[in-house]
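Please open the structure in your viewer and keep a selection panel at hand. The tour below goes from one selection to the next and says what is there.

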Amino acid sequence: MARERMIDTTAEAAKTPELDQPYAELGLKDDEYARIREILGRRPTEAELAMYSVMWSEHCSYKSSKVHLKYFGETTTEEMRTRLLAGIGENAGVVDIGDGWAVTFKVESHNHPSYVEPHQGAATGVGGIVRDIMAMGARPIAVADPLRFGAAEAEDTRRVVRGVVDGIGHYGNCLGLPNVGGELVFDSSYNGNPLVNALCVGAMRSEDLHLAHASGTGNKVILFGARTGLDGIGGVSVLASETFEGDETSGGRKKLPSVQVGDPFTEKVLIECCLEVIRAGIVVGIQDLGGAGLSCATSELASAGDGGMRVELDRVPLRAKDMTPAEVLSSESQERMCAVVAPEHVDAFLAVCAKWDVTATEIGAVTDGDNLVITWHGETVVDVPPRTVAHDGPVYQRPVQRPESQDALQANTSASLARPDDLRRTVLEMLAAPNLAAKRWVTDQYDRYVRGGTVLAQPADSGMVRVDEQTGRGISVATDCNSRFVALDPYEGARLALAEAYRNVACGGATPLAVSDCLNFGSPEDPGVMWQFREAVRGIADGCAELGIPVTGGNVSFYNQTGSTAILPTPVVAVLGVIDDVDRRIPAGIGTETGETLLLLGETRDEFDGSEWARVAHGHLGGLPPKADLAWEKLLGEILVAGSRDGMISAAHDVADGGLIQAVIEMALIGQTGARVLLDPDQDPFVQLFAESAGRAVVAVPRSEELRFTEMCTARGLPWRKTGVVDAESGSLEIQGVAEFSLTELAETWNATLPRLFD
Amino acid sequence: MRIGVITFPGSLDDGDVVRAVRRCEAEAVPLWHGDAELHGVDAVVVPGGFSYGDYLRCGAIARFAPVMGPVLEAAAGGMPVLGICNGFQILCEAGLLPGALTRNAGLHYVCRDQWLRVENTRTAWSTRYEPGAEILVPIKHGEGNYQADKETIAALEAENRIVFRYIEENPNGSRADIAGICSANGRVLGLMPHPEHAIDPLTGPSDDGLGMFYSALDSLVKVTNE
């Protein structure tokens, strides 16, 4: 039965200035609501209120983080920008990698939905980041997922892990994008708040860079992809004065859960469709519909152009009956994109959409006015200056205060913790710990082969894919964050995260080029959390300046907490690297050459605060993180790249969580080749095996190259030490004078943990 | 030699098959799911992916695609046809091969490097292998658990139509460790593993997959010469 619904128009709003509006329920503060009235010179309509409230939310407006994020721009020099084709402010930064190729990459969080509904939450996280990359005109070429879950043995972790991994696999595998890496970390601080971050890399010819613009009066606005339904509307539903029983397509209006449902097949054809229209040169601008749906897409497109925009909202193809204009604007239905197309290209555009069976509808046009005007069956429901919605949101100066507990945390060092007598047992206990165990249970559920260009993937330090089949040019990407280090010292911890991701890219033989981040923190209303946030931002930005590579974009996720307890501060850092020929990538496994020497590059200090050993053996977190020396990291990176270029290194692995022995065991197990580890008689074996000092890597060099390589290290001032030999015949790993293990024993220990917990 | 590679909406490994065909110096001809003819190709590959999203049963919609009509006709005439992963599922649904692929025994999607034994080297797609050769090829699927009734399995065994078998570990619960089977005349082959991802040790675990494409080219040369 058809229902008449009062539509709140701009004319109605002008007539009824005193109408009581539910702005507080939509998350707007008194002064924010007053400002909207001031901008418009009247009260907002229901649809306008919906747009402002969602676009001025923390998620869309970065209102708490903005004042701190400015620091990234302030610390980026012209020299660091030389390879940047687009930077922060666009959907994702774009970097020139040479041979006429440009690469874009971004990490986004989908934390809260993934706790409520792990499968769909994680799946739609993949979908969203992929559309972000497409909005730059790039073909998505690889994905990776930094994941953090509650304690591995905690009751609810199994549900969340299984759902998230299944969701990422289900969605990502259907898109035909290789999953090349990511992270898997368990910590009880994530018990009620997992972190599901998704990274996507895209590539394009430099000349195809398409920014989200809506220039050119008369150009058409086309919405294409899935239909719009009631999903993800969340807070806006308070605007609806009535609710009904029934499902979405009947006359009733069932409230859908706030987590959206993804359809990877629709996304896959949307990808192909987008790439075809971009290749054909028939789009002026292109924009994804993610959080805040059409509210975001129309206001951002319009404010990026040079005119206004008119949208006939009733033309939007709907999946649900009786949706109000506010709901259509706020819907977060997945798999939708918006394009601006010149009138003469509209037919060609629609033909491509028809070929791929993608629904496409002209919903409006670029005008020569100043405002974004949205009509509903001929009546104006929105008439706003688009910048005020998209960019001029509120900016908060939240209180920042170093927590009083920080001193006590740093004073409680690991020095008093009892150290083990039985190192053999400790090696096995560490190897089986959930954070150090093999991640195959997760990564075997993802397709790493599709597109045929993957040359490195988990368990390698970085994921590497070929971009140009003729020249062999490729990119590499790694993400890292040891949130325990960040908790102990947010500034140093963030620099350590950057250092590790940088090192991981270099370990594959690629040159680090650019940084993106996903900053996961607790509530910004907590001054202690804001202090962690500010320090971490400064740590990453200062670190990037030292390394000479720019931050090209990022994402902030606040309110990650259970009750009043925040997660460990987790600024995930992603580093993108380039390699001119993927054929010279360095694998992580030993045994590819006969007769290799293992060298430890860097210096090992007695650093155990925040280490994996302190967690596994004592459940301890306190003290100060290891020192990060970025000049040193840069030198180490240069040596690794030089070693790869001159064929001096046959395998390399970063030394981080679990220390030297964890790195060597992984190199042996990946390469299925035995080795003998030689320790320095002048240093405590426990420290040598398990300390987590930064700036270190283990490399395998063919014996014929050993002298040349070590002389290069010495000449450039990088400390090195011969730490073992590869022993292909032995089938075992021997730590001389300490213990011996068969590779079978190590493999079983390493591989058993995750299947035991989650199968 | 012209080898057609079909793209359905949702196909994923079509580009990878094209690369593999070109590596063997044959011509790869893209075929669209809506095509009513095969554009004069000498062989057809139905690649992996999720045709039309595979929301019903894998391959159940794709078998009705316009391009499948001429594929069935060509197969009846002896044209070599290879179905990889989703392609195998489609060939089973289309009736070119017996049996069905069901959910993996562990219920998880599995992506890993898998050892196979070549059991029959007399099909259009396997003559380049030594009898009993062990090859390393990636698998990546959620529904690769081959099932058929006892009589069918017995017939496949008796007629030597099990072309590839999983060795070391059965990754999905397939009956008789079946990784790939062929038609009675040995011209149509379906397998779950991905030979197109084993053409170069740089991007795959080996180049063992090339043998399948070279075999097809050999068989075509023989047909042409006869």
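**First stop: a helix in chain A**

Select helix H11 of chain A and colour its residues A:Gly293, A:Leu294, A:Ser295, A:Cys296, A:Ala297, A:Thr298, A:Ser299, A:Leu301, A:Ala302 and A:Ser303, which are buried; buried means under 20% relative accessible area, exposed over 50% and partly exposed in between, with a 1.4 Å probe and protein chains only. Because ten of the twelve residues of H11(A) are buried, this helix is largely enclosed by the rest of the structure. Helices (H or I, at least four residues) and strands (E, at least two) are DSSP runs, numbered from the N terminus.

The model is a predicted one, in which local features need pLDDT of at least 70 and side-chain atom pairs count only at pLDDT 80 or more, whereas totals for chains, interfaces and linings use all residues. Residues are numbered from 1 along each chain as its sequence is written, chains are lettered from A and ligands numbered from 1 in the order in which they are written, and side-chain values use heavy atoms, with hydrogens and water left out.

Staying with H11(A), residues 293-304, place a distance between its end C-alpha atoms: they are 17 Å apart, which agrees with the 16 Å that twelve residues should span at 1.5 Å a residue, where the expected span is 1.5 Å times one less than the number of residues.

**Second stop: A:Glu276**

Next, select A:Glu276, which is found in helix H10 (residues 264-279) of chain A. Is this residue buried or exposed? A:Glu276 has 19% relative accessibility and therefore counts as buried. Leaving aside its neighbours within four places in sequence, A:Glu276 is in contact with A:Val352, A:Lys355 and A:Trp356, contact meaning heavy atoms within 4.5 Å.

**Third stop: A:Ala342**

Move on to A:Ala342, in the loop between strand S10 (336-341) and helix H13 (346-355) of chain A. A:Ala342 is buried, with a relative accessible area of 12%, and, residues up to four places away in sequence not being counted, A:Ala342 touches A:Asn219 and A:Val284. If A:Ala752 is then added to the selection, the C-alpha atoms of A:Ala342 and A:Ala752 are 58 Å apart in space, and the two residues are 410 apart in sequence.

**Fourth stop: the whole of chain A**

Zoom out to chain A, which has 26 helices and 28 strands and whose C-alpha trace spans about 85 × 55 × 50 Å along its principal axes. Of the 759 residues of chain A, 64% count as buried. Its radius of gyration is 27 Å, which agrees with the value near 27 Å that a compact globule of 759 residues would have; the radius is taken over C-alpha atoms, and the globule rule is 2.2 Å times the number of residues to the power 0.38. Among contacts in chain A between residues at least 6 apart in sequence, 85% join residues at least 24 apart.

**Last stop: chain B**

Finally, select chain B, in which there are five helices and eleven strands. The C-alpha atoms of chain B fill a box of roughly 40 × 40 × 40 Å, taken along the principal axes, and its radius of gyration of 16 Å agrees with the value near 17 Å for a compact globule of 226 residues. Of these 226 residues, 64% count as buried. For contacts in chain B between residues at least 6 apart in sequence, 74% join residues at least 24 apart.
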